[in-house]
Amino acid sequence: MRLIAPSLLAADFARLGEEVRAVEAAGADWIHVDVMDGHFVPNITFGPAVVEAVRRVTRLPLDVHLMITEPDRYVADFARAGASYISVHVETCAHLHRSVHLIRDAGARPGVVLNPATPVETLEWVIADVDLVLVMGVNPGFGGQAFIPSSLDKVRRLRRLITEKGLQTLIEVDGGVSAKTVGSIAAAGADVFVAGSAIFNSDDYPAAIRSLKESVTA
Ligand code: DX5
Ligand code: ZN
């Protein structure tokens with residue numbers, strides 16, 4: 001599967017509804033929502049109320065990326081707000097298996113996220129329970145950072161693990177995805193490509209999304 005998920009972190013927050021509609025019309029497959037708490041990452045963004053508002057203006061799946069400590073406390077709120085996927089960082093969950101099942105029980109699809117320094121092996125005993133693994137291509141917190149090349153090897157290793165176990169788990173990559181990097185990320189085995197600045201910093205969203213899709217399939 002090859003899907004493009006624009007990250008609202010790089011959108012114009014004063015015109016958030018319009019921005020969501022614009023990327024939907026431009027060919028986006030999912031909408032990626034970065035939730036940051038100023039503790040796990042040094043930046044603060046949206047909460048469930050914003051997810052609920054975004055839910056009202058699009059039919060696309062909402063891909064909610066929780067960069068917060070104690071994510072279990074907020075899972076039900078984000079599910080109720082209309083999140084389709086909820087992903088938690090491995091680094092924030094002492095009981096990752098429990099967090100994943102909390103997400104599914106709340107009615108959303110669970111995902112787990114690996115920071116650049118976190119190994120794939122942390123997922124071995126939970127990967128069969130998740131719909132999505134998100135590999136960070138940068139250290140989380142900000143848009144517009146350069147892609148960390150070692151993430152490609154991590155995607156390859158993850159693809160091997162998923163194949164070995166005979167699973168359908170999606171691999172998503174977030175951070176530093178651009179028309180330049182997306183081809184090698186796709187070749188490494190990723191399915192879903194999150195792009196913030198590569199889409200929202202362009203003045204032609206359909207062209208930006210088209211160029212990502214073309215580089216993925218090239
Ligand atoms: C980073 C966020 C990303 C961010 C990506 O912490 O999780 O989703 O928006 O931004 P770009 O695509 O500009 O690297
Ligand atoms: Zn993200």
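Which protein residues are the donors of the zinc ion (ligand 2)? I began my notes with that question, keeping in mind that the model is predicted.

**Entry 1: the zinc site**

I looked up the contacts of the metal. His32 gives NE2, His65 gives ND1, and Asp34 and Asp174 each donate through OD. These protein donors lie 2.0 to 2.3 Å from the zinc ion (ligand 2). I then looked at the angles. There are 6 donor atoms around the zinc ion, and they subtend angles of 68 to 168 degrees, which makes the arrangement octahedral. For comparison I noted that the ideal angles for six octahedral donors are 90 or 180 degrees.

I wrote down the spacing of the donor residues along the sequence as H-x1-D-x30-H-x108-D. Asp34 belongs to strand β2 (residues 31-36) and Asp174 to strand β7 (residues 170-174), so this pair ties together parts that are 140 residues apart in sequence.

I also checked how covered the two aspartates are. Asp34 has 3% relative accessibility and counts as buried. Asp174 is buried too, with a relative accessible area of 8%.

**Entry 2: strand β2 and its partner**

Since Asp34 sits in β2, I went through that strand next. I found 6 of its 6 residues buried. One side carries Ile31, Val33 and Val35, and the other carries His32, Asp34 and Met36. Both faces are covered. I recalled that side chains in a regular strand alternate between the two faces of the sheet.

I then looked for the pairing of β2. It runs parallel to β3, with 6 bridges between the two strands. One position I noted is Val35, which stands opposite Leu66 in β3.

**Entry 3: from β3 to β4**

From β3 I moved on to β4 (residues 85-89). The two strands run parallel and are joined by 4 bridges. Asp63 stands opposite Tyr85 in β4.

Is β4 mostly covered or mostly open? I found it mostly covered, with 5 of its 5 residues buried. Tyr85, Ser87 and His89 are buried on one side, and Ile86 and Val88 are buried on the other.

**Entry 4: strands β5, β6 and β7**

I treated β6 (residues 132-136) in the same way. I counted 5 of its 5 residues as buried. Its two faces are both covered, with Leu132, Leu134 and Met136 on one and Val133 and Val135 on the other.

β6 pairs with β5 (residues 109-114) in the parallel sense, over 4 bridges. There, Gly111 has Leu132 as its bridge partner in β6. β6 also pairs with β7, again in the parallel sense, over 5 bridges. In this pairing Leu134 is opposite Glu172 of β7. Strand β7 is the one that holds the zinc donor Asp174.

**Entry 5: the largest pocket**

What is the volume of the largest pocket? I have it at about 260 Å³. It is lined by 24 residues, and those closest to its centre are Phe142, Gly143, Gly144, Gly175 and Gly176. I looked up which elements give two or more residues to the lining, and they are β2, β8 (192-195) and α7 (197-200). By kind, the lining residues divide into 12 nonpolar, 10 polar and 2 charged.

I looked further at Gly176. This residue lies in the loop between β7 and α6 (182-188). Gly176 is partly exposed, with a relative accessible area of 23%. From Gly176 to Ser197 the C-alpha distance is 8.5 Å, and the two are 21 residues apart in sequence.

**Entry 6: two more loop residues**

Where is Glu70 found? I placed it in the loop between β3 (62-67) and α3 (75-80). Its phi is positive, about 50 degrees, although Glu70 is not a glycine. Most residues other than glycine have a negative phi. Glu70 is partly exposed, at a relative accessible area of 49%.

My last residue was Ala11, in the loop between β1 (3-6) and α1 (16-25). Ala11 has 11% relative accessibility and counts as buried, as the limit is under 20%. Its C-alpha atom is 9.9 Å from that of Val23, which is 12 residues away along the chain.

Methods
Residues numbered from 1 in each chain as written. Chains lettered and ligands numbered in written order. Predicted model: local features only at pLDDT ≥ 70, side-chain atom pairs only at ≥ 80, totals over all residues. Heavy atoms only, no water. Donors = N, O, S within 2.8 Å, 3.2 Å for Na, K, Ca; no water. Tetrahedral: all angles 85-135°; square planar, octahedral: opposite > 155°, others 65-115°. Buried < 20%, exposed > 50% of the residue type's maximum accessible area, 1.4 Å probe, protein only. 1 Å grid on protein atoms, 1.4 Å probe; cavity = no way out; pocket = protein on both sides within 12 Å on 5 of 7 lines; lining within 4 Å. Points joined across faces, edges and corners; volume = space filled by probe spheres on them. Nonpolar A, V, L, I, M, F, W, Y, C, P; charged D, E, K, R; others polar. Pairing = 2+ DSSP bridges.
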